[in-house]
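User: I've got a new model to go through. Can you walk me through it?

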Amino acid sequence: MASDQTTDQAEAAMPDWSAYRGVLIVVEQRDGVAKKVSWQLLGEGKKLAAKLDAPLMALVIGEGVAHLADEAVHYGADRVFLCEAPELRTYRTRPYSRVCLKLIEEAKPEIVLFGATATGRDLAGAIATHLPTGLTADTTQLDVEPPPSRLLLASRPAFSEKMMATILCKQYRPQMATARAGVFQALPKDTERQGEIVAIEAAMREEEIAAQVLDFLHETGKLNLEDAEIIVAGGRGLGGPEPFALLAELAEALGGVVGASRAAVDAGWIGHEHQVGQTGATVRPKLYFAIGISGAVQHTVGMSHADVVVAINKDEKAPIFQFAHYGMVGDLFKLVPAITQEVKNRRT
Ligand code: FAD
């Protein structure tokens with residue numbers, strides 16, 4: 001009885017958030033190209049907005065990025081706020097967070113979502129601290145409680161990835177979360193789709209911004225697993241670092257990149273940036289080769305959304321075959337060079 005009373009009192013003390021409505025996705029771009037995670041978040045945001053019977057909004061910030069506002073509509077946004085200014089050409093925490101804070105104050109979204117990228121994490125953290133409100137980082141599942149509570153249910157792995165925790169933000173608005181790339185699915189791009197585009201003012205001067213961007217040093221050959229369309233991944237079955245050269249050759253012939261299981265990474269055969277899975281990257285390529293990988297759940301959570309999975313394993317009972325569209329039972333040292341040769345033959 002006492003605990004019921006406590007709950008009732010807590011509910012009664014809930015602030016009135018009725019002025020806050022809608023789901024806002026903060027679109028991330030560099031050099032006028034959007035990160036795929038932004039469109040994936042619009043796909044997921046659409047479902048949340050439908051359950052809340054609220055609009056799906058997007059915010060595009062930069063210079064010369066009006067085409068991204070149109071693209072956001074094509075990927076599902078009902079209303080896009082577009083903020084363009086020379087000061088916003090490249091990402092800097094202070095000016096970008098100022099634009100977001102002003103828009104949140106005026107548009108009052110109940111949910112704000114960002115990609116869990118280096119930029120998204122920095123921006124979301126700055127905004128949450130300033131408002132202040134709660135921020136759930138690196139979510140892998142999003143849902144909402146239907147009205148009247150309208151609470152965001154932001155879930156993420158917790159306790160060394162052994163269980164899922166669902167985190168609620170009851171006392172503050174907006175409710176904010178970052179989400180990993182490749183977890184959610186973008187809607188098919190509909191270039192006929194119409195939406196509202198609202199230009200908003202940046203209202204800042206360069207002299208007010210302490211940080212200056214002097215130059216960008218582009219890292220050559222930097223691996224981008226999350227955006228890769230073809231991944232050739234290897235595991236403990238490779239037996240050592242050298243056979244990864246076989247996988248690199250196949251990946252190069254296909255125009256893809258090399259991935260790995262944690263077993264291969266932990267053995268020191270390849271860098272962690274190649275790791276796919278629960279504690280690595282979540283990927284959504286068109287084609288995924290799983291070579292000498294058994295198919296542990298911690299690996300498959302990171303790749304099971306691939307359009308086509310090809311598994312190569314000498315053990316016909318390996319769990320990876322349950323996820324594979326095409327399975328080859330045999331020795332990877334014979335099969336991989338043969339496939340690479342076949343791909344090269346077809347290219348010439
Ligand atoms: P194994 O399970 O040892 O499989 C090797 C496979 O190679 C076998 O199926 C074998 O039949 C096959 N093979 C051997 N020789 C050949 C050959 N010559 N030709 C063809 N096939 C051959 N794992 C991840 O991958 N990513 C993660 O992010 C991740 N996060 C984790 C987080 C936590 C908290 C924990 C506890 C574990 C995590 N793991 C992760 C580890 C995971 O549980 C597995 O241990 C790991 O995925 C196994 O890697 P593997 O499939 O390469 O190795």
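User: How much of the protein is buried?
Analyst: Buried residues make up 49% of the 348 residues. Buried means under 20% relative accessible area, exposed over 50%, partly exposed in between (1.4 Å probe, protein chains only). This is a predicted model: local features need pLDDT of at least 70, side-chain atom pairs count only at pLDDT 80 or more, and totals for chains, interfaces and linings use all residues. Residues are numbered from 1 along each chain as its sequence is written, and side-chain values use heavy atoms, with hydrogens and water left out.

User: What radius of gyration does the protein have, and what would a compact globule have?
Analyst: The protein has 23 Å, and a compact globule with 348 residues would have a value near 20 Å, so the two agree. The radius is taken over C-alpha atoms, and the globule rule is 2.2 Å times the number of residues to the power 0.38. Along the principal axes, the C-alpha atoms fill a box of roughly 65 × 60 × 40 Å.

User: And the surface?
Analyst: About 17,600 Å² is exposed, with carbon and sulfur atoms supplying 52% of it. Those areas come from the Shrake-Rupley method with a 1.4 Å probe.

User: How many helices and strands are there?
Analyst: Nine helices and 17 strands. They are DSSP runs numbered from the N terminus: helices are H or I, at least four residues, and strands are E, at least two.

User: What is the strand order in the seven-stranded sheet?
Analyst: The order is β7-β11-β6-β1-β4-β5-β12, in an open sheet with parallel pairing. Two strands pair if DSSP finds at least two bridges between them. β7 (135–139) and β12 (196–199) are at the edges with a single partner strand each, so one side of each has no neighbour in the sheet. From one strand to the next, the twist averages 20°. Axes here are lines fitted to C-alpha atoms, for helices over the stretch in contact, and angles run from 0 to 180 degrees between N-to-C directions.

User: Over how many bridges do β4 and β5 pair?
Analyst: Six, in the parallel sense, between residues 56–62 of β4 and 79–84 of β5. One partnership joins L59 to F81 in β5.

User: Which helix touches β4, β5 and β12?
Analyst: Helix α3 (residues 66–74) packs on the sheet there, and its direction makes about 165° with that of β5. Contact means heavy atoms within 4.5 Å. Helix α2 (residues 36–52) lies across β1 (23–27), β4, β6 (111–115) and β11 (175–179), at about 175° to β1.

User: Which other strands does α2 lie across, besides those?
Analyst: β8 and β9, running at about 15° to β8. Those two belong to an open sheet of three strands, order β8-β9-β10, with antiparallel pairing. Its edge strands are β8 (141–144) and β10 (163–167), each pairing on one side only. Neighbouring strands here are turned by 25° against each other on average, direction ignored.

User: Any detail on β9 and β10?
Analyst: β9 (residues 152–158) pairs with β10 in the antiparallel sense over five bridges. A158 stands opposite M163 in β10.

User: Switching topic. How many salt bridges are there?
Analyst: A search of the whole structure finds 17. The criterion is a side-chain nitrogen of Lys or Arg within 4 Å of a carboxyl oxygen of Asp or Glu. In one of them, D78 and R193 have their closest N and O atoms 3.1 Å apart. That pair links distant parts of the chain: D78 is in the loop between α3 and β5, R193 in the loop between β11 and β12, 115 residues apart.

User: Are D78 and R193 buried or exposed?
Analyst: Neither: D78 has 30% relative accessibility, so D78 counts as partly exposed. R193, at 22%, also counts as partly exposed.

User: Which residues are linked in a salt-bridge network?
Analyst: R98, R205, E207 and E208. Within that group, R205 and E208 have their closest N and O atoms 3.3 Å apart.

User: What about K286?
Analyst: K286 forms a salt bridge with E229, closest N and O atoms 3.4 Å apart. K286 is in the loop between α7 (262–266) and β15 (287–291), and E229 in the loop between β12 and β13 (230–234), 57 residues apart.

User: Last one. Which residues of α6 are buried?
Analyst: In α6 (residues 244–254), they are F244, L247, L250, A251, A253 and L254. They pack against β13, β14 (257–260), α7, β15 and α9 (332–347). Just after α6, G255 takes a positive phi of about 80°.
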